[in-house]
Amino acid sequence: MAAALRVLSYNVRSMRDDHEALAAVIRQAEPDLVCVQEAPRFLRWRSKCAALARTSGLVVVTGGRPAGAMLLLARLGVDIHSTRDVLLPRTPGLHQRGLAIAEVSVSGARFVVASMHLGLRANERLLHVDEIGEVMSRYDQPVVLAGDVNERPGEPAWSLLAEAYQDAWLAAGNQASGGLTYSASAPYERIDGVFADHRLSVLSCQVPDSAEVTRASDHRPVLAVLTAG
């Protein structure tokens, strides 16, 4: 059987909520890789990112402030071949966005995984999608993009991502009306997603739900299980 890759996407709101609950949610998902958005980026950001990894039973791969607060975490046993942090074009007065990228192998199968967070304005999101497409086109291995899109399925930036990649939620056979990720306590919209290369098969995609989820962040995470071939 082909190797499966478990990718968790999670906007952690700069770890301003319950740290123990956040680590518990991540551990319960048993991910190979975690694509974090809104990782700590200011005072002591390195130690805060390291603490999140440690309490989650993972290690830091790349990201943090140099990636515009995107962060990649991985379990021990995932082979890391290369990493790259990218800053996306910034709109004056708004937060810096970026990509945290890693080429990895899981059980011998090779992937490129990236954490992303698109901007608050529609024109900024479209610019970011163009830039992300250019960056990710340089990789030969199957790509997994995961993150906070800041808009709903069917809107322009989401639609462009869903044309270039598989929307893992739908590819897994889930109902289009499900998979709500925001807000964590009373979810009403799906603005976080995992987007998988068409060379990959999506075995499952879910939005974890537990008591810890409502305390860990203002977003719910998305967990996708993917396989090559």
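The dialogue below works through several features of this predicted model, one at a time.

Q: Where should I begin with the sheet, and in what order do its strands lie?

A: A sheet is best read by following its strands from one edge to the other. Here six strands form an open sheet with mixed pairing, and their order is β3-β4-β2-β1-β12-β11. The edge strands are β3 and β11 (200-206), each of which pairs on one side only, and the twist from one strand to the next averages 20°.

Q: How many bridges join β3 to β4, and in which direction do the two run relative to each other?

A: Strands β3 and β4 run antiparallel and are joined by five bridges. One example to locate in the structure is Val-59, whose bridge partner in β4 is Ala-74.

Q: Which strands do the helices α1 and α2 lie across?

A: For each helix, take the strands that it crosses and then the angle of its axis. Helix α1 lies across β1 (4-11), β2 and β12 (222-228), and it runs at about 160° to β1. Helix α2 lies across β3 and β4, running at about 140° to β3.

Q: Which residues of α2 are buried, and what do they pack against?

A: In helix α2, which spans residues 45-55, the buried residues are Trp-45, Cys-49, Leu-52 and Ala-53. Seen down the axis of α2, these buried residues fall within an arc of 95°, so they line one face of the helix. The elements against which they pack are α1 (19-29), β3 (59-64) and β4 (70-74).

Q: Which residues around α2 have a positive phi?

A: Backbone angles are read residue by residue, and it helps to note whether the residue is a glycine. Just after α2, Gly-57 takes a positive phi of about 75°. Glu-38 is not a glycine, yet its phi is positive at about 55°, and this residue lies in the loop between β2 (33-37) and α2. Arg-44, likewise not a glycine, has a positive phi of about 55°, and its place is in the loop between β2 and α2.

Q: Is Arg-44 buried or exposed?

A: Arg-44 is exposed, because its relative accessible area is 57%, and the cut-off for that class is over 50%.

Q: Where in the chain is the peptide bond that is cis?

A: The angle to look at here is omega. The peptide bond from Tyr-182 to Ser-183 is cis, with omega near 0°, and Ser-183 is found in the loop between α5 (168-171) and β10 (192-196).

Q: How many salt bridges are there, and which parts does the pair of Glu-151 and Arg-125 tie together?

A: The count comes to 10 salt bridges, and for each one it is useful to consider the distance, the place in the chain and the burial. Glu-151 forms a salt bridge with Arg-125, with the closest N and O atoms 2.7 Å apart. Because Glu-151 lies in the loop between β8 (143-148) and α4 (156-164) while Arg-125 lies in helix α3 (residues 122-136), the pair ties together parts that are 26 residues apart in sequence. Glu-151 is buried, with a relative accessible area of 4%, and Arg-125 also counts as buried, at 9% relative accessibility.

Q: What is the distance in the salt bridge between Glu-189 and Arg-152, N to O?

A: The side chains of Glu-189 and Arg-152 meet at 2.9 Å, N to O. This pair links distant parts of the chain, 37 residues apart, with Glu-189 in the loop between α5 and β10 and Arg-152 in the loop between β8 and α4. Glu-189 is buried, at a relative accessible area of 11%, whereas Arg-152 is partly exposed, at 41%.

Q: How exposed are Arg-138 and Glu-134?

A: Arg-138 is partly exposed, with a relative accessible area of 49%, and Glu-134 is partly exposed, with a value of 45%. These two residues form a salt bridge in which the closest N and O atoms are 3.4 Å apart.

Q: With which side chains does Gln-37 make a polar contact?

A: For a polar side chain that is buried, the step to take is to look for its contacts. Gln-37 is found in strand β2 and is buried, with a relative accessible area of 0%. Its side chain makes a polar contact of 3.3 Å with the side chain of Ser-9, and a polar contact of 3.3 Å also joins the side chains of Gln-37 and Ser-115.

Key: Residues numbered from 1 in each chain as written. Predicted model: local features only at pLDDT ≥ 70, side-chain atom pairs only at ≥ 80, totals over all residues. Heavy atoms only, no water. Buried < 20%, exposed > 50% of the residue type's maximum accessible area, 1.4 Å probe, protein only. Helix = DSSP H or I, 4+ residues; strand = E, 2+ residues; numbered from the N terminus. Arc of directions from axis to C-beta. Contact = heavy atoms within 4.5 Å. Pairing = 2+ DSSP bridges. Axes fitted to C-alpha atoms, helices over the stretch in contact; angles between N-to-C directions. Salt bridge = Lys/Arg side-chain N within 4 Å of Asp/Glu carboxyl O. Polar contact = N/O pair within 3.5 Å; in protein donor to acceptor, adjacent residues only side chain to side chain.
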